[in-house]
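Here is a quick tour for anyone meeting this protein for the first time. Have a look at the sequence and the 3D view, then read on.

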Amino acid sequence: MTDEATRRTLDRFAADVRRPPPPVPVSAHGSLAGGDHRPGRSDLDVVAVLDRVLAEHSPAA
């Protein structure tokens with residue numbers, strides 16, 4: 001179970017990454033997936049797998 005601030009951050013990430021193109025899966029890794037996430041201390045390791053390249057959507061380098 002995650003705290004409310006972590007849930008809002010994950011929801012915002014998922015909403016942002018679902019703008020074109022939509023991801024195949026979005027999953028948590030690290031401490032959140034392992035169950036030892038510490039709100040306010042742990043980072044969030046999240047992976048989104050897309051079915052195409054994002055080059056046209058990425059900011060210029």
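## A buried histidine

A residue counts as buried when its relative accessible area is under 20%, and as exposed when that value is over 50%, with partly exposed in between. So where does His 37 fall, buried or exposed? His 37 comes in at 16% relative accessibility, so it is buried. One thing to keep in mind from the start is that this is a predicted model.

His 37 sits in the loop between helix H2, residues 30-34, and strand S2. Which residues does it touch, leaving aside those up to four places away in sequence? The answer is Asp 3, Thr 6, Ser 31, Leu 32, Ser 42, Asp 43 and Leu 44. With Thr 6 there is also a polar contact between the two side chains, at 3.3 Å.

## The overall layout

Stepping back to the whole protein chain, you'll find two helices and two strands. Starting at the N terminus, they come in the order α-β-α-β.

The chain has 61 residues, and 15% of them are buried. About 4700 Å² of the protein chain is exposed, with carbon and sulfur atoms supplying 53% of that area. As for contacts, take those between residues at least 6 apart in sequence: 55% of them join residues at least 24 apart.

## Out on the surface

Val 49 belongs to strand S2. With a relative accessible area of 41%, Val 49 is partly exposed, because that value lies between the 20% and 50% cut-offs. Val 49 also has company: together with Val 24 and Val 47 it forms a nonpolar patch on the surface. The accessible area of these three valines adds up to about 240 Å².

Just past strand S2, which covers residues 45-50, you reach Asp 51 in the segment that follows. Asp 51 has a relative accessible area of 57%, so it counts as exposed. Its C-alpha atom is 9.8 Å from that of Pro 25, a residue 26 places away along the chain.

## How confident is the prediction?

What is the average pLDDT of the protein chain? It is 79, and 79% of the residues score at least 70. Among the elements, helix H2 has the highest mean pLDDT, at 89. Strand S1, residues 23-29, has the lowest, at 79.

A general word of caution goes with these scores: where pLDDT is low, the predicted coordinates should not be read in detail.

How values were computed. Residues are numbered from 1 along each chain as its sequence is written. This is a predicted model: local features need pLDDT of at least 70, side-chain atom pairs count only at pLDDT 80 or more; totals for chains, interfaces and linings use all residues. Side-chain values use heavy atoms; hydrogens and water are left out. Helices (H or I, at least four residues) and strands (E, at least two) are DSSP runs, numbered from the N terminus. Buried means under 20% relative accessible area, exposed over 50%, partly exposed in between (1.4 Å probe, protein chains only). Contact means heavy atoms within 4.5 Å. Accessible areas come from the Shrake-Rupley method with a 1.4 Å probe; for residues, only the protein chains shown count as cover. A polar contact is a pair of N or O atoms within 3.5 Å; within protein, one must be able to donate a hydrogen and the other to accept it, and residues adjacent in sequence count only if both atoms are side-chain atoms. pLDDT is the predictor's confidence in each residue, from 0 to 100. Patches are made of residues with over 30% relative accessible area and no salt bridge: like charges are joined within 9 Å, nonpolar side chains (Val, Leu, Ile, Met, Phe, Trp, Tyr) within 5 Å. A salt bridge is a side-chain nitrogen of Lys or Arg within 4 Å of a carboxyl oxygen of Asp or Glu.
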